[in-house]
Amino acid sequence: MGHFPLHNDIKAFHAHLYYIDEEGMKMAKNLAEQAAELFDIRVGRFHQQPVGPHPVWSCQLSFAAETFGQIIPWLMLNRQSLDVFVHPLTGNEYVDHTQGVSWLGKSYELDVSQFMPPSE
């Protein structure tokens, strides 16, 4: 997709749970397990190194756009000390990781050099 996406291009969302050590990973696993019991989400792998554009260890939660209003408020109140990077899935990864982002907790600088900016 080369054009700048529109709001109705959002098909789903990712919430990346960020952590920096074993203790944080344990917290992320517990949070992901609770979320999976409550919501229709897919829990990804628990990385123990930076992966893709993410500067720290992380785990990806994937969910449908229609469930954003239930999952994100729950994460806001239950994330504990974890930082959470939230972005849409529009088909344009550059926009998804730059323009459409939200942070719960601390924000981080992502390495978006692997993504192609849309043409105007």
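Me: What makes the charged end of K29 count as sitting over the ring of F46?
Reply: The charged end of K29 is 5.6 Å from the centre of F46's ring. The rule wants NZ of Lys or CZ of Arg within 6 Å of the ring centre and within 35 degrees of the ring normal, so 5.6 Å fits the distance part. Bear in mind that this is a predicted model, where local features need pLDDT of at least 70, side-chain atom pairs count only at pLDDT 80 or more, and totals for chains, interfaces and linings use all residues. Residues are numbered from 1 along each chain as its sequence is written, and side-chain values use heavy atoms, with hydrogens and water left out.

Me: Why is the pair of Y18 and Y108 called edge-to-face?
Reply: Their centres are 5.1 Å apart and the planes make 75°. Rings of Phe, Tyr and Trp (its six-membered ring) pair if centres lie within 6.5 Å, and planes under 30 degrees apart are stacked, over 60 edge-to-face, the rest tilted; so 75° makes this one edge-to-face. The pair bridges 90 residues, from Y18 in strand β1 to Y108 in the segment after β5.

Me: And why is F85 with W103 called tilted or stacked?
Reply: Tilted: the planes are at 35°, with centres 4.7 Å apart. Because F85 is in strand β4 and W103 in strand β5, the pair ties together parts 18 residues apart in sequence. (Strands are DSSP runs of E, at least two residues; helices are H or I, at least four; both are numbered from the N terminus.) Ring pairs join Y18, F85, W103 and Y108 into a cluster.

Me: How do you know which of those four are buried or partly exposed?
Reply: Buried means under 20% relative accessible area, exposed over 50%, and partly exposed in between (1.4 Å probe, protein chains only). Y18 at 2%, F85 at 0% and Y108 at 19% are therefore buried. W103, at 23%, is partly exposed.

Me: Why does R79 have no salt bridge?
Reply: The nearest side chain of opposite charge, D83, is 4.2 Å away. A salt bridge needs a side-chain nitrogen of Lys or Arg within 4 Å of a carboxyl oxygen of Asp or Glu, so 4.2 Å misses. R79 is buried all the same, and its side chain reaches the backbone oxygen of L82 at 2.6 Å.

Me: What makes H14 and Q60 a polar contact?
Reply: Their side chains are 3.3 Å apart. The rule is a pair of N or O atoms within 3.5 Å, one able to donate a hydrogen and the other to accept it (residues adjacent in sequence count only if both atoms are side-chain atoms), so 3.3 Å passes. H14 also has a polar contact with the side chain of S62, at 3.4 Å.

Notes
Lys, Arg positive; Asp, Glu negative; His and termini not counted.
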